[in-house]
Amino acid sequence: MNKVSRILTLPETPRTFGFFVDGEWREGGDLFERASPGHGVAVTRIPKCTVADLDDAVAAARRAFEDRRWSGLSGAERAGVLLRAAAILRQRRDEIAYWEVLENGKPITQALGEIDHCIACFETAAGVARLLHGESFNSLGDKLFGLTLREPIGVVGLITPWNFPFLILCERVPFILASGCALVVKPSEVTSATTLLLAEVLAEAGLPAGVYNVVTGSGRTIGQALTEHPDVDMLSFTGSTAVGQSCVQASAASNFKKLGLELGGKNPIVVFADSNLEDAADAAAFGISFNTGQCCVSSSRLIVEASVADAFEALLAEKMARIRVGDPLDAATQVGAITTEAQNATILGFIDKGRSEGARVVTGGAAVDLGRGSYIAPTLFSGVTRDMAIACDEIFGPVLSSFRFETVEEAVALANDTVYGLAASVWTRDIDKALTVTRRVRAGRFWVNTIMAGGPEMPLGGFKQSGWGREAGMLGVEEYTQVKSVHIETGPRARWIA
Ligand code: TXE
């Protein structure tokens, strides 16, 4: 599936995008120019929208929602649009993956795989659109009958980050649309292109005007205004824990909009001595290097049984050293560029801190010089203690911190030793150990003898400070609905006034 079907070269000139409101493209005044992180070459120009543009988009979404042009359709009709969108995405797969790579720096083969996942999200959401339903209560006695209705929550604001611009978008948009809501999306300012391309896809698929609007611009202006907007009913935010906290405050200070939050992670991979160590090492290398570790579910803490720790670290380091770091447009590349200069500096800063706090670099530990762009070698730190920055903080880069344990109790305690709770992985052939760790470690997504597996049928989201709510699957549609309890009386009323 992931074959690159044509030779990929950089665009000769940057592509200029407009923004999308009420079914129409609008030109931006000021533009933000984005350089490809893998090459340092300008690739896109994106509007810096104003708060007035955002107000227009929210008003368009509000009109679309209130006149029921989308929410009033049957689930089958909504499913039809989502399935047509999936078919168009399949046709435009190479093109969307190309723009994703140019702005984000991820390898092209990975981007293509992500588009396939996005197509599956649309198809899954189409199924859920037809199946969404409430409940009936036939247990209230002969005189009363109860129903719960699932109604779309209304206008949703969606703020997305730069690490998986299209994938995170598509793990939300089709499910939000399946619920019957209208939305305004604010993508990351550095990776807006594919969110705008989705507007073309949805319009061609027959989504009514005003239901999907995209306003581009900075987090501090457009993002903040969306979180504070009194006419937005729900905000779904994926990004840093710090901005997540400000979303909570903005929601409380404006209109108590409902929040869905997917924030940071410091995810454990627990490896027992009895596991298939070759497989576990391969998974650990993948878990920290996939998307250059700029992934909220990256397994960034290795928790390995002491009896095999030295051998396992050596095996893992040997595998990590063989990972092909390279040009994102090259189909042979496994790990591409770091997406922003700020993130590059953050990761290198953590590597320095790890060294100065006394951890030992087993492999990597430095930038990779490819002549242009920002690249960092997959890095393994041994001898990490719980007080070190590389033990606690989300690095969001290809940097793995290794810890050791003697007992299952210790493994569980180490795995839970974080404010986050997004994902976890456990490796063992012993079902007792696997189940104990799975039940006792607090994380929203769990992998047993695998890592980062799954599909859009399964819900995703975090425990603890990793967030609120669930996306994808049935729960991912229900998240964007609210429940109305309906009471229906039959027969004569038992009168209050005699
Ligand atoms: O995220 P921001 P940044 C983590 C990761 C990374 C760190 C910083 O640790 O190193 O966050 O990344 C918009 N009101 N994650 O600074 O700022 C912004 O425009 C409303 C984990 O890039 O949170 C973008 O669209 N919105 C994460 C989105 O928020 C605001 C993915 C994310 O950017 C805003 C990304 C504001 N005041 C980073 N300020 C994950 N869970 O996958 C910014 N934004």
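**Two domains and a ligand**

The C-alpha centres of domain 1 and domain 2 lie 30 Å apart. Keep in mind that this is a predicted model. The domain assignment of the protein builds domain 1 from two stretches, 4-263 and 466-484. Domain 2 covers 267-448.

Start with the place where the domains meet. On one side, 31 residues of domain 1 take part in the contact. They touch 29 residues of domain 2. The size of an interface is often given as the accessible area lost when the parts come together. Here, domain 1 and domain 2 bury about 2,200 Å² between them. Carbon and sulfur atoms give 58% of that area. Which residues of domain 1 lose the most area to domain 2? They are His39, Trp162 and Ser466. Together these three account for 26% of what the domain 1 side buries.

Now look at the polar side of this meeting. Between domain 1 and domain 2 there are 0 salt bridges. There are, however, 13 residue pairs in polar contact between the two domains, counting pairs with both residues at pLDDT 80 or more. Two elements each give two or more residues to the side of domain 1 that touches domain 2: helix H3 (93-104) and helix H4 (108-131). H3 supplies the largest share, with 5 residues. By class, this side of domain 1 has 14 nonpolar residues, 11 polar ones and 6 charged ones.

Next, find the ligand. It is surrounded by 24 residues. The closest are Trp162, Lys186, Glu189, Ser240 and Glu394. Trp162 should look familiar: this residue is also among those in domain 1 that lose the most area to domain 2. An N or O atom in the side chain of Trp162 is 2.5 Å from an oxygen atom of the ligand. The backbone takes part too. A polar backbone atom of glycine 219 is 3.3 Å from an oxygen atom of the ligand. For leucine 263, a backbone N or O atom lies 2.8 Å from a nitrogen atom of the ligand.

Finally, turn to the salt bridges. The whole structure has 28 of them. One joins arginine 62 and aspartate 233, with the closest N and O atoms 2.7 Å apart. Arginine 62 sits in helix H1 (residues 51-66), while aspartate 233 is in the loop between helix H8 (219-228) and strand E11 (234-238), so this pair ties together parts that are 171 residues apart in sequence.

How values were computed: Residues are numbered from 1 along each chain as its sequence is written. This is a predicted model: local features need pLDDT of at least 70, side-chain atom pairs count only at pLDDT 80 or more; totals for chains, interfaces and linings use all residues. Side-chain values use heavy atoms; hydrogens and water are left out. Domain bounds come from an automatic or database domain assignment. Contact means heavy atoms within 4.5 Å. Buried area is the accessible area (1.4 Å probe) that two parts lose on being put together, summed over both. A salt bridge is a side-chain nitrogen of Lys or Arg within 4 Å of a carboxyl oxygen of Asp or Glu. A polar contact is a pair of N or O atoms within 3.5 Å; within protein, one must be able to donate a hydrogen and the other to accept it, and residues adjacent in sequence count only if both atoms are side-chain atoms. Helices (H or I, at least four residues) and strands (E, at least two) are DSSP runs, numbered from the N terminus. Ala, Val, Leu, Ile, Met, Phe, Trp, Tyr, Cys and Pro count as nonpolar, Asp, Glu, Lys and Arg as charged, and the others, Gly among them, as polar. A residue is near a molecule or strand if one of its heavy atoms lies within 4 Å of it.
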